[in-house]
Amino acid sequence: MDALSIATSGIQSAQRRLAGSAHNVANLTTPGFRPLRTLQSSQAGGGSTAILRQTDEPEPVQLSHEALEQTRARMQAQAMLGVVHVVDSTRGCLIDILA
């Protein structure tokens, strides 16, 4: 996998994490609600994948946990956007060198 594909998969994982957390917060007061949990793992050759799983039993949504999940998603997306920026800058330099 190239760096751009790795960064793209990381951004998609961050989006999924944020979506799951937003869903949990939106359903904070829903009786019997089973929150979503993000399971993120690395892919062979680079990158990551994230899936959302519902808990087996209803449980209360903890806003502190959801705030942390949203912060993780933001930080992951920012880091991956940094990778995209570096890849873009590097490709421009390589083209200049080869020209």
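Colleague: Which residue does Arg72 form a salt bridge with?

Modeller: In this predicted model, Arg72 pairs with Glu69 in a salt bridge, and their closest N and O atoms are 2.5 Å apart.

Colleague: How are Arg72 and Glu69 placed in helix H2?

Modeller: Arg72 and Glu69 are three residues apart in helix H2, so about one helical turn separates them.

Colleague: Is Arg72 buried or partly exposed?

Modeller: Arg72 has a relative accessibility of 40%, which counts as partly exposed. Glu69, in contrast, is buried, with a relative accessible area of 6%; the cut-off for buried is under 20%.

Colleague: What else does the side chain of Glu69 meet in a salt bridge?

Modeller: The side chain of Glu69 also meets that of Arg17, at 2.7 Å from N to O. Glu69 belongs to helix H2 (residues 63-98) and Arg17 to helix H1, so this salt bridge ties together parts that are 52 residues apart in sequence. Arg17 counts as buried, at 10% relative accessibility.

Colleague: Which residues are linked in a network, then?

Modeller: Salt bridges link Arg17, Glu69 and Arg72 in a network.

Colleague: How many salt bridges does the structure hold?

Modeller: There are four salt bridges in the structure. One of them joins the side chains of Glu66 and Arg37, at 3.5 Å from N to O.

Colleague: Where do Glu66 and Arg37 lie?

Modeller: Glu66 lies in helix H2, whereas Arg37 lies in strand E1 (residues 36-42), so the salt bridge between Glu66 and Arg37 ties together parts that are 29 residues apart in sequence.

Colleague: Is Glu66 buried or exposed? And what about Arg37?

Modeller: Glu66 counts as buried, with 2% relative accessibility. Arg37 counts as partly exposed, at 25%.

Colleague: Changing topic to helix H1: what span should its 24 residues have?

Modeller: Helix H1 covers residues 3-26, and at 1.5 Å a residue it should span 34 Å. The C-alpha atoms at its ends are 35 Å apart, which agrees with that expectation.

Colleague: What caps the N-terminal end of H1?

Modeller: Asp2 does: one of its side-chain oxygens lies 2.9 Å from the backbone nitrogen of Leu4.

Colleague: Which residues in H1 are buried?

Modeller: The buried residues of H1 are Ala7, Ser9, Gly10, Ser13, Ala14, Arg17, Gly20, Ser21 and Asn24. Arg17 is also the H1 residue discussed above, whose side chain meets that of Glu69 in a salt bridge.

Definitions and conventions
Residues numbered from 1 in each chain as written. Predicted model: local features only at pLDDT ≥ 70, side-chain atom pairs only at ≥ 80, totals over all residues. Heavy atoms only, no water. Helix = DSSP H or I, 4+ residues; strand = E, 2+ residues; numbered from the N terminus. Expected span 1.5 Å × (residues − 1). Buried < 20%, exposed > 50% of the residue type's maximum accessible area, 1.4 Å probe, protein only. Polar contact = N/O pair within 3.5 Å; in protein donor to acceptor, adjacent residues only side chain to side chain.
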